[in-house]
Amino acid sequence: MGTGITLINNVGNVVVSLGKEGVGFYVIMISVGSTLGRAGAGFLRLGMVWPPIIAAAAQLILSSSSWYALSFGCFFTGVGFGASFTLQPCCLAEVFGTKDFGKILGLSMFAPSVGSILLSVVMATFIYDIHIPPGGEVCTGPSCFRFTFLILAALNIACALLVKVFLYKK
């Protein structure tokens, strides 16, 4: 979920770095994707492995740094974010049981906040700042966020593997 929050926090800078305007459209794409991901996760009976795979694919699309890919990447990042948010309580109950479920759920909802700080504020900002030309204030071009999205895709793939190991170890 931290990778989805990273895009949400940085979507304005991503749009500006690609030389366009209209951030609101991309925020809407993330929101619609998140809503459909939340509804679709239960309806389609998605396993917990699929949301991070969807999010990884979205991050790979975003890493192409194409203006056209931005819409699809925002939408599918929202789908992965929403689906994982919906499925998380069920998976936690299955892995840890229902005893002290409120504490476990509260702690697990705190984790994306910490992750988003590390990913958005520390990592994405550091990579963005490296690509600002000397004497400039804003990064422009595809290199501003490409490496960030590749790292986020790798983290989502690692998440899917960890879910596979811990949730489906039977």
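Which helix is alanine 93 found in? The answer is α4, and we'll come back to that residue once the overall layout is in place. Keep in mind as you look around that this is a predicted model.

Let's start with the fold. The protein chain contains 6 helices and 0 strands, so if you trace the chain along its sequence you read α-α-α-α-α-α. With a radius of gyration of 17 Å, close to the 15 Å that the globule rule gives for 170 residues, the protein chain is as compact as a globular protein of that length. Along the principal axes, the C-alpha trace of the protein chain spans about 55 × 30 × 25 Å.

How much of the chain is tucked away? Of the 170 residues in the protein chain, 41% are buried. What remains accessible adds up to about 9200 Å² for the protein chain, and carbon and sulfur atoms supply 72% of that area. As for how the chain packs on itself, take the contacts between residues at least 6 apart in sequence: 75% of them join residues at least 24 apart. On the charge side, the protein chain carries 9 positive and 5 negative side chains, with the centres of the two sets lying 18 Å apart.

Now for a residue on the inside. Glutamine 59 sits in helix α3, which covers residues 50-63. Its relative accessibility is 0%, so glutamine 59 counts as buried. And who are its partners? Setting aside residues up to four places away in sequence, glutamine 59 touches Thr3, Thr77, Phe149, Leu152, Ala153 and Asn156.

For the opposite case, turn to glutamate 21. This residue is in the loop between α1 (2-17) and α2 (23-43). At 73% relative accessibility, glutamate 21 counts as exposed. Once its neighbours within four places in sequence are left aside, glutamate 21 is in contact with Val15 and Trp67.

The cysteines deserve a stop of their own. How many disulfides are there? The count comes to 1. A disulfide is a covalent bond between the sulfur atoms of two cysteines. Here the partners are cysteine 139 and cysteine 144, with their sulfur atoms 1.9 Å apart. The link of cysteine 139 and cysteine 144 is left-handed, with -95 degrees about the S-S bond. Both ends are out of the way: cysteine 139 is buried, and so is cysteine 144.

Cysteine 74, by contrast, is in no disulfide. Its nearest cysteine sulfur belongs to cysteine 144, and that one is 15 Å away. Cysteine 74 is buried as well, with a relative accessible area of 0%. Cysteine 91 is in no disulfide either, and in its case the nearest cysteine sulfur is that of cysteine 90, 6.6 Å away. A disulfide needs the two sulfur atoms within 2.5 Å, so at 6.6 Å the sulfur of cysteine 90 doesn't qualify as a partner for cysteine 91. Cysteine 91 is buried too, with a relative accessible area of 15%.

Next, a look at the backbone. Most residues other than glycine have a negative phi, and most peptide bonds are trans. Serine 65 goes the other way, with a positive phi near 55 degrees. You'll find serine 65 in the loop between α3 and α4 (67-96), and at 15% relative accessibility it counts as buried. Aspartate 100 is another non-glycine residue with a positive phi, this time of about 60 degrees. Aspartate 100 lies in the loop between α4 and α5 (101-130), where it is partly exposed, with a relative accessible area of 43%.

That brings us back to alanine 93 in helix α4. At 27% relative accessibility, alanine 93 counts as partly exposed. Follow the chain 12 residues along to leucine 105, and the C-alpha atoms of the two residues turn out to be separated by 8.8 Å. What does alanine 93 touch, not counting residues up to four places away in sequence? Its contacts are Thr98 and Phe101.

Key: Residues are numbered from 1 along each chain as its sequence is written. This is a predicted model: local features need pLDDT of at least 70, side-chain atom pairs count only at pLDDT 80 or more; totals for chains, interfaces and linings use all residues. Side-chain values use heavy atoms; hydrogens and water are left out. Helices (H or I, at least four residues) and strands (E, at least two) are DSSP runs, numbered from the N terminus. The radius of gyration is taken over C-alpha atoms; the globule rule is 2.2 Å times the number of residues to the power 0.38. Buried means under 20% relative accessible area, exposed over 50%, partly exposed in between (1.4 Å probe, protein chains only). Contact means heavy atoms within 4.5 Å. Accessible areas come from the Shrake-Rupley method with a 1.4 Å probe; for residues, only the protein chains shown count as cover. Lys and Arg count as positive and Asp and Glu as negative; His and the chain ends are not counted. The place of a charge is taken as NZ of Lys, CZ of Arg, CG of Asp or CD of Glu.
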